[in-house]
Amino acid sequence: MAPTVPLAVLALVALVAPGLGVAPPGCDYPAHRWCSSRDAAAACQVQSRCPSLPHPAAEPVQLSLYYESLCPACRQFLVLKLFPTWLLLPEGMLNITLVPYGNAQERNVSGKLDFKCQHGPEECLGNMMEACLMHEAQNFSTYFPLIFCLESGSSVTENLEACLQIYAPELDSGRVTACVQGDTGVALMHHNAQLTDALQPPHQYVPWITVNGKHTDELQAQAEASLLGLVCHLYQGEKPEVCGGSKAPKLPSGCRR
């Protein structure tokens, strides 16, 4: 007995192929495979007749945070807004770039780069520690909880070992320390200085937030008022249940230069 052809396939063939088995130019797939993938549907010009095709995932919202480790407003935004929002949203909806430098100043002292930070040498150390954590961990989901731990604790610079034990025991604290004390840490801070200095418009305070590569007063205010709501609004894909709305208390004003 000949195999039974599903009615759905026959209907599809009848709709898209006036002559059975006649494919449009450029279509090298048999008729029953035209809806098997997006590439096949495009080649055979039948995308509108393939409702079961998976839709491409929407691009994630891109958020960059330019901050300094001891700025109170930076710490509160990162701890109370950015980290919880990242935890709540599904993977692939929000991409975060952290740039610890802020209102620091880069100087060349006797041929060596040196940094002066708004809240003193401890802040420079905190900035470099966090840059080195990113460099050593590489994976964002590994280093972001570590930076959250440092920023939410009593001391940004003294809790490295404790934060590593809790969130990333596989990371070697010695490598982070070597980075901070060596040329790598200086190079990372120089890179962050360049990223910060290249901002357009130039940053006037921290935290300084860009969304999808742009900074406006309105975007900054929206991010500080309800980051979750802003990301949910901007994301073009299917919204998760958590995008039902959120309200949060007003954060303290930023650290101006």
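These legends go with four close-up views of a predicted model.

**View 1. Helix 4 packs against helix 5.** Here we're looking at helix 4, residues 121-137, alongside helix 5, residues 140-152. Their axes sit 9 Å apart and make an angle of about 160°. Angles over 145 degrees count as roughly antiparallel, so that's the label helix 4 gets relative to helix 5. As for handedness, the crossing of the two helices is right-handed. On the helix 4 side, the residues that meet helix 5 are Glu130, Leu133, Met134 and Ala137. Helix 5 answers with Thr142, Tyr143, Leu146, Ile147, Leu150 and Glu151. Sort this contact by class and you get seven nonpolar residues, one polar and two charged.

**View 2. Three strands make an open sheet.** Read across the sheet and the strand order is 2-1-6, with mixed pairing. Strand 2 (94-100) and strand 6 (208-211) are the edge strands, each pairing on one side only. From one strand to the next, the twist averages 15°. Zoom in on strand 1, residues 61-67, and you'll find it paired with strand 2 in the parallel sense, over seven bridges. Two spots are handy for getting your bearings: Gln62 has Asn95 of strand 2 as its bridge partner, and Ser64 stands opposite Thr97, also in strand 2.

**View 3. Helix 4 and helix 5 on the sheet.** Back to the parallel pairing of strand 1 with strand 2, this time with the helices added. Helix 4 packs on the sheet and touches strand 1 and strand 2, its direction making about 140° with that of strand 2. Helix 5 packs on the sheet too, touching strand 1 and strand 2, but its direction makes about 50° with that of strand 2. So is strand 2, an edge strand, largely enclosed or not? Five of its seven residues are buried, so strand 2 is largely enclosed by the rest of the structure. Buried here means under 20% relative accessible area.

**View 4. Arg38 in helix 2.** This last close-up moves over to helix 2, which covers residues 38-43 and includes Arg38. With a relative accessibility of 37%, Arg38 counts as partly exposed. That class covers the values between buried, under 20%, and exposed, over 50%. Cys50 is worth picking out in the same frame: Arg38 and Cys50 are 12 residues apart in sequence, and their C-alpha atoms are 8.9 Å apart in space.

Methods. Residues numbered from 1 in each chain as written. Predicted model: local features only at pLDDT ≥ 70, side-chain atom pairs only at ≥ 80, totals over all residues. Heavy atoms only, no water. Axes fitted to C-alpha atoms, helices over the stretch in contact; angles between N-to-C directions. Helix = DSSP H or I, 4+ residues; strand = E, 2+ residues; numbered from the N terminus. Parallel < 35°, antiparallel > 145°, perpendicular 65-115°, else oblique. Left-handed = near helix turned anticlockwise from the far one by under 90°. Contact = heavy atoms within 4.5 Å. Nonpolar A, V, L, I, M, F, W, Y, C, P; charged D, E, K, R; others polar. Pairing = 2+ DSSP bridges. Buried < 20%, exposed > 50% of the residue type's maximum accessible area, 1.4 Å probe, protein only.
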